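Please examine the sequence and the structure shown here before reading the explanation.

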2 protein chains.
Amino acid sequence: MATATAAQRRKQAKEAYDAFLAECPTRQLLETLSDKWMGLVLASLGHGPMRHSELARKIAGVSQKMLTQTLRTLERDGLVARTVTPTVPVRVDYELTPLGRDLAPVMVAIKTWAEAHMDEVRAARTAYDEGQPA
Amino acid sequence: MATATAAQRRKQAKEAYDAFLAECPTRQLLETLSDKWMGLVLASLGHGPMRHSELARKIAGVSQKMLTQTLRTLERDGLVARTVTPTVPVRVDYELTPLGRDLAPVMVAIKTWAEAHMDEVRAARTAYDEGQPA
DNA sequence: CTGCATCCTGACCGATACTG
DNA sequence: CAGTATCGGTCAGGATGCAG
């Protein structure tokens, strides 16, 4: 039943998080971090504060909706700080928090890896597709 | 009819968008690596070869379909090697290739980060939600 | 045991229009 | 410039059944 299992799960979660468990909050956080635009947004902000429109320009292909949604999630998770300057045209700046600055390099590492090994992956795909006729 | 025109416009836009992405292959690879189960599969295989059913058991919550789909993608990208042993009950083992072994630590790093900073993120979420009453 | 095909629901995402 | 709300299409992905 749920009672015994729930108590056990709670106790375990308090002592050590394990993303392999479906109910563990870490799983949810991992999925959030794996979101399509998270890496690019974090990598962009890693160079310094940026405005909403600057991010939209830098990250080609992202819609205004997705960008706002991603930034909201990052803000809620304490990875990004949102600063509103109430001038006449409202100005909003996004900046990494200390927590975000700690995560950013890890996300950048994946991006860097992808760039470094693109050729090998491409070659593997070509070989695979040739061996698997449609 | 209006539907045909709308569909055509949509199709044209989609093709143009895909053509644009073709110039930036890194983006596509990054999205692939950011897929929901990629991190957990790579992290699991980082400890050694595993069978299909073993992976399904270890990664709680993944469906058979998604697991196979993820493994096929990894195999196509040359990150995972698939070995079929034609015994009577067919045995299939998945193992990281050298390329996969190079990537795995980076993916594990994100998982590790998530597990390490879960408490801080939780606190940030609570604070955010309390400050933003619906 | 492993993998593939089919069906079907609902979540995601882009486009658009409107507020401040 | 920044953000929200709504609508509609697309497709991811879960469940099931069958094949090797």
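The paragraphs below treat a sheet in chain B and then the surroundings of a DNA strand.

This is a predicted model, in which local features need pLDDT of at least 70, side-chain atom pairs count only at pLDDT 80 or more, and totals for chains, interfaces and linings use all residues. Residues are numbered from 1 along each chain as its sequence is written, chains are lettered from A and ligands numbered from 1 in the order in which they are written, and side-chain values use heavy atoms, with hydrogens and water left out.

In chain B, 3 strands (DSSP runs of E, at least two residues, numbered from the N terminus) form an open antiparallel sheet in the order β1-β3-β2. Its edge strands, β1 (50-51) and β2 (80-85), each pair on one side only; pairing requires at least two DSSP bridges between two strands. β1(B) is joined to β3 (residues 91-96) of chain B by 2 bridges, and M50(B) stands opposite Y94(B) in β3(B).

The loop between β3 and α6 (98-116) of chain B contains T97(B); helices are DSSP runs of H or I with at least four residues. T97(B) is in contact (heavy atoms within 4.5 Å) with G78(B), L79(B), V80(B) and A81(B), leaving aside neighbours within four places in sequence.

Turning to the DNA, polar contacts are pairs of N or O atoms within 3.5 Å. A side-chain N or O atom of S53(B) is 2.8 Å from a phosphate oxygen of DNA strand C. A polar side-chain atom of R82(B) lies 2.9 Å from a phosphate oxygen of this strand, whereas one of Q64(B) lies 3.0 Å from a base nitrogen.

Conventions
A polar contact is a pair of N or O atoms within 3.5 Å; within protein, one must be able to donate a hydrogen and the other to accept it, and residues adjacent in sequence count only if both atoms are side-chain atoms.
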